[in-house]
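Visitor: I should like to understand how the descriptive terms applied to this model are justified. Please take me through them.

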Amino acid sequence: MRQISISIEATGAEPSLGHKVIEIGCVELINRKLTGKHLHYYINPHREIEDSVVERTGISNEFLYDKPEFIQIKDQIINFIKGSELLAYNAPFVVGFLNNELAFVDSKIQHIETICKVIDVQAMARTMFPKSSNSLSEVAKRVFVDDSQKNLSGTLFDSEIIADVYLALTSESLRKVLSLHSQKEGIYINSFPEFIEATDGFSRSALCRGVSNKDYLLLPSLFRNSSNNNPDAMEHNLMWVFKTHAKALLPRLPSSEIEWLTVAQHHGLPTRLLDWSLSPLVACFFAINSSSRSDACVYIYDVGKFKKEEDIQLKALSSIVAFFPSHATKRITAQSGMFTVHPTNNRTLDPPEIRKIIIPAKLKSEFREKLSKFGIHYGTLFPDLDGLSNHIRYLNGFDALPSREL
């Protein structure tokens, strides 16, 4: 099966007002795999580009002066997408502009839908996440599409992200997890006292995890790459490289595989571990610290049973277990850090006893002020110069540098 993921930029938002396509990017998929084959053009529209588009894309009329007109590249575009499934984000926008361009140049083909089947990936996301923001960037985060390693830019970059999002949304395992996840209604709270009240009734050993978007799953970072078909091999390779280079940088070498994973997780390497805290206030900080417009969430899991770090045998692991980590770093101690470790055959934590406390996006700033007064802020949770600097940034009205969610 051949599919083409497509993205465009235009001089403005409405083709009926005479706006024209200025950039087009496409990537090819064969049997759900990116082939590396792509098509990309900048296009001279022979009309002014709106200031907001120039500011957002960096594309100016001066830059497009010597670029081809649409009529000069229409055959290449048609030949590239003909007979495929066309994956577009906000398909009415993309198809509307392409059809307008084809009609303008009096092409024999005036409707893209006659030469390929169009799939609106954004419409798929809206069906799966009906109560959430469904911008491309938000959905990409929600389905764990990582764009940090891509070296592309513009529409070619966007078309590859759209392809990755489509593959994630149509992954049977992820769809099953998301379906179960969406059936669990969380508790919406409307004030900080309500949050404190919602955490009552749990034991002191309950695990707490804060995420900036209520739709994020309890899935370790190792499993969030939809193209990673062999996470065991991926983990082996990642850890081999990490151990090789980290030994010279550590004051004390970890004494077991699980301890190595804990150190790697702490420093941002994708692992099968999931961060938790014994403090709901610490989890709340990580949930509301992001300035995103998504509602945040604190998960509380009264797990009941824990294992000692030294008793965990990764090769024999068949179920998700919680464990007390070695407090090898000051941050783990300051954050009352705990972990769950997930086997390959049981990746997503989704037991019925997990409680989900949802914090509306409009309350994030207020909650951060409250937490700071209670001594929960960058300076206390990250007891180092980075944490101190971020806290000073916050106190003086600067955005903090990003931190990982807990």
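Guide: Let us begin with the chain as a whole. This is a predicted model, and buried residues make up 50% of its 406 residues. The chain has 15 helices and 13 strands, and its C-alpha atoms fill a box of roughly 70 × 45 × 45 Å along the principal axes. The accessible surface comes to about 20400 Å², with 52% of that belonging to carbon and sulfur atoms.

Visitor: What makes Lys74 buried?

Guide: The cut-off for buried is under 20% relative accessible area. Lys74 has a value of 15%, so Lys74 is counted as buried.

Visitor: Why is Asp75 called partly exposed?

Guide: The term covers values between the 20% limit for buried and the 50% limit for exposed. Asp75 has a relative accessible area of 43%, and therefore falls in that range.

Visitor: How do you know that Asp75 forms a salt bridge with Lys74?

Guide: The criterion is a side-chain nitrogen of Lys or Arg within 4 Å of a carboxyl oxygen of Asp or Glu. The closest N and O atoms of Asp75 and Lys74 are 3.0 Å apart, so the pair qualifies. A search of the whole structure finds 10 salt bridges.

Visitor: What makes the pair Lys243 and Glu257 a salt bridge?

Guide: The N to O value for these side chains is 2.5 Å, and the limit is 4 Å, so the pair is counted. The pair links distant parts of the chain, with Lys243 in helix H9 and Glu257 in helix H10, 14 residues apart. Lys243 has 18% relative accessibility and so counts as buried, whereas Glu257, at 42%, is partly exposed.

Visitor: Why is helix H10 described as largely enclosed by the rest of the structure?

Guide: Helix H10 spans residues 257-266, and 9 of its 10 residues are buried, so the description follows. Among the buried residues are Trp260, Leu261 and His266. The buried residues of H10 pack against helix H9, strand E8, strand E11, helix H12 and strand E12. Just after H10, Gly268 takes a positive phi of about 95°.

Visitor: Why is Asp120 said to have no salt bridge?

Guide: The nearest side chain of opposite charge, that of Arg126, is 5.6 Å away, and the limit is 4 Å, so no salt bridge is assigned to the buried Asp120. Asp120 lies in strand E5, residues 117-120.

Visitor: How do you know that the side chain of Asp120 has polar partners in the backbone?

Guide: A polar contact requires N or O atoms within 3.5 Å. The backbone nitrogen of Ala91 lies 3.3 Å from a polar atom of the Asp120 side chain, and the backbone nitrogen of Gln122 lies 3.1 Å from one. Both values are within the limit, so both pairs satisfy the distance criterion. Leaving out residues up to four places away in sequence, Asp120 touches Ala88, Tyr89, Asn90, Ala91 and Pro92.

Visitor: What makes a group of residues a nonpolar core?

Guide: The members must be buried residues of the listed types, such as Ile and Cys, joined through side-chain atoms within 4.5 Å. The largest such core here has 27 residues, and those with the most contacts inside it are Ile6, Ile24, Cys26, Ile81 and Ile112. Helix H2 gives the most to this core, with 6 residues. Beyond its neighbours within four places in sequence, Ile81 is in contact with residues including Ile4, Cys26, Leu86 and Ile112. A second, separate core of 25 residues includes Ile300, Ile357, Leu381 and Phe382.

Conventions: Residues are numbered from 1 along each chain as its sequence is written. This is a predicted model: local features need pLDDT of at least 70, side-chain atom pairs count only at pLDDT 80 or more; totals for chains, interfaces and linings use all residues. Side-chain values use heavy atoms; hydrogens and water are left out. Buried means under 20% relative accessible area, exposed over 50%, partly exposed in between (1.4 Å probe, protein chains only). Helices (H or I, at least four residues) and strands (E, at least two) are DSSP runs, numbered from the N terminus. Contact means heavy atoms within 4.5 Å. Lys and Arg count as positive and Asp and Glu as negative; His and the chain ends are not counted. A polar contact is a pair of N or O atoms within 3.5 Å; within protein, one must be able to donate a hydrogen and the other to accept it, and residues adjacent in sequence count only if both atoms are side-chain atoms. Accessible areas come from the Shrake-Rupley method with a 1.4 Å probe; for residues, only the protein chains shown count as cover.
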